[in-house]
Amino acid sequence: MIEMNFKVDAFEGPLDLLLHLINQLEIDIYDIPMAEITDQYMEFVHTMQELELNIASEYLVMAATLLQIKSKMLLPKQELAIDLDMDELEEDPREVLVQKLMEYKKYKEAAKTLKEREQERSFYFGKAPMDLEIYEKDIEKAELDVGLPDMLSAFHKMMRRQKLAKPLHTRITTQEVSIGDRMDEVMVTLKAAKNNRTKFEALFEGNTREALVVTFLALLELMKRKLVIVEQVGNFADLYVQGKEEKDK
């Protein structure tokens with residue numbers, strides 16, 4: 001008689017068959033009724049034997065394991081205590097089996113997910129990478145629009161850095177500067193700078209909060225009058241203040 005390898009409904013082994021029976025019978029995997037699941041498993045094995053199929057030895061090993069667990073579950077605890085020590089008595093005979101089933105279930109679900117992703121990916125077609133060097137210079141020179149939120153963010157960071165850098169004990173002298181005076185000072189600083197351009201932070205002099213705020217308000221007023229513009233050459237890059245007269249040349 002020709003021998004046939006036993007593989008029904010794509011069962012990959014005894015654990016796969018057990019999971020199938022547990023799902024079919026809607027059994028809680030953490031509280032397996034051993035009598036019921038063993039009977040179902042043995043019925044399955046006997047059917048294969050009647051059909052004279054060559055059953056893999058691992059299925060028979062699992063059958064013996066299930067029968068052993070079933071017998072332990074049926075014996076009264078007093079009789080078990082004769083042959084087992086207290087640690088073995090307190091341990092659930094199903095515990096090792098449940099751990100194996102849970103581990104197998106985890107890997108089976110992971111394999112299913114990977115298979116689905118493989119099928120999904122088969123619908124996509126890759127494209128050879130493009131040479132982006134031709135755009136590099138344009139990107140470096142591109143200037144991003146800087147609005148009030150960007151300036152407020154930069155001002156907040158600068159205030160925080162100056163606060164951290166300030167010594168614990170300082171002696172502050174009050175020197176009032178108007179917004180108009182500070183506007184004139186900013187324009188003088190820009191004209192003295194190379195290309196009429198300087199870093200945003202370089203304009204903030206003084207060690208008092210009032211002086212920093214006056215400078216910030218002076219910059220906003222200069223932008224409003226279109227005497228300066230604030231630029232940023234890339235995301236998260238430093239802000240630069242540019243005198244409008246030099247920019248328009």
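Me: How many helices and strands are there in the protein?

Reply: Happy to start there. This is a predicted model, and local features are taken where pLDDT is at least 70. Its chain has 249 residues, of which 27% are buried. As for the elements, the protein has eleven helices and four strands.

Me: Among contacts between residues at least 6 apart in sequence, what share joins residues at least 24 apart?

Reply: Take the contacts in the protein between residues at least 6 apart in sequence as the starting set. The part of that set joining residues at least 24 apart comes to 66%.

Me: How do the axes of α1 and α3 cross: obliquely or in a roughly perpendicular way?

Reply: Helix α1 covers residues 14-24 and helix α3 covers residues 57-74, and their axes come within 9 Å. The crossing angle is roughly 55 degrees. Angles of 65 to 115 degrees would count as roughly perpendicular. The α1 and α3 pair is therefore oblique.

Me: Which residues of α3 does α1 meet, and how many residues in that contact are charged?

Reply: On the α1 side, the contact is made by Pro-14, Leu-15, Leu-17 and Leu-18. Their partners in α3 are Glu-58, Tyr-59, Met-62 and Leu-66. By class, the contact of α1 with α3 has seven nonpolar residues, no polar ones, and a charged count of one.

Me: What is the orientation of α1 relative to α6?

Reply: Helix α6 runs over residues 95-121, and its axis comes within 10 Å of that of α1. The two axes cross at roughly 95 degrees. That angle makes α1, relative to α6, roughly perpendicular.

Me: Which α6 residues meet α1, and how many charged residues does the contact have?

Reply: From α1 come Leu-15, Asp-16, Leu-18, Leu-19 and Ile-22. They meet Leu-97, Lys-100, Leu-101, Tyr-104, Lys-105 and Lys-108 in α6. Sorted by class, the contact of α1 with α6 has seven nonpolar residues and no polar ones, while the charged residues number four.

Me: How far apart are the end C-alpha atoms of α6, and what span should its 27 residues have?

Reply: A helix is expected to span 1.5 Å times one less than its number of residues. For the 27 residues of α6 that gives 39 Å. The expected span agrees with the separation of the end C-alpha atoms, which is 39 Å.

Me: Is Ile-22 buried or exposed, and which residues does it touch?

Reply: Ile-22 lies in helix α1. Buried means under 20% relative accessible area, so Ile-22, at 3%, counts as buried. The C-alpha atoms of Ile-22 and Ile-37 are 7.5 Å apart, with their positions 15 residues apart in sequence. Leaving aside residues up to four places away in sequence, Ile-22 touches Ile-27, Ile-29, Ile-32, Ile-37 and Leu-101.

Me: Which residues in α6 are buried?

Reply: One partner of Ile-22 is Leu-101, and Leu-101 belongs to the α6 residues that meet α1. The buried residues in α6 are Leu-97, Val-98 and Leu-101.

Me: How many bridges pair β4 with β2, and how many with β3?

Reply: Strand β4 (residues 239-243) is mostly covered, with four of its five residues buried. Its pairing with β2 (residues 197-199) is antiparallel, and Lys-199 stands opposite Tyr-240 in β4. The pairing with β3 (residues 228-232) is also antiparallel, and there Ile-229 stands opposite Gln-242. The bridges number three with β2 and five with β3.

Me: Which residue in the hairpin of β3 and β4 takes a positive phi?

Reply: The hairpin has six residues between its strands. A phi near 70 degrees is found there in Phe-236.

Me: Are Asn-195 and Lys-226 buried or exposed?

Reply: Asn-195 lies in the loop between α9 and β2, and its phi is positive, about 60 degrees, although it is not a glycine. Lys-226 sits in the loop between α10 and β3, with a positive phi near 60 degrees. The cut-off for exposed is over 50%. With relative accessible areas of 52% for Asn-195 and 62% for Lys-226, both residues therefore count as exposed.

How values were computed: Residues numbered from 1 in each chain as written. Predicted model: local features only at pLDDT ≥ 70, side-chain atom pairs only at ≥ 80, totals over all residues. Heavy atoms only, no water. Axes fitted to C-alpha atoms, helices over the stretch in contact; angles between N-to-C directions. Helix = DSSP H or I, 4+ residues; strand = E, 2+ residues; numbered from the N terminus. Parallel < 35°, antiparallel > 145°, perpendicular 65-115°, else oblique. Contact = heavy atoms within 4.5 Å. Nonpolar A, V, L, I, M, F, W, Y, C, P; charged D, E, K, R; others polar. Buried < 20%, exposed > 50% of the residue type's maximum accessible area, 1.4 Å probe, protein only. Pairing = 2+ DSSP bridges.
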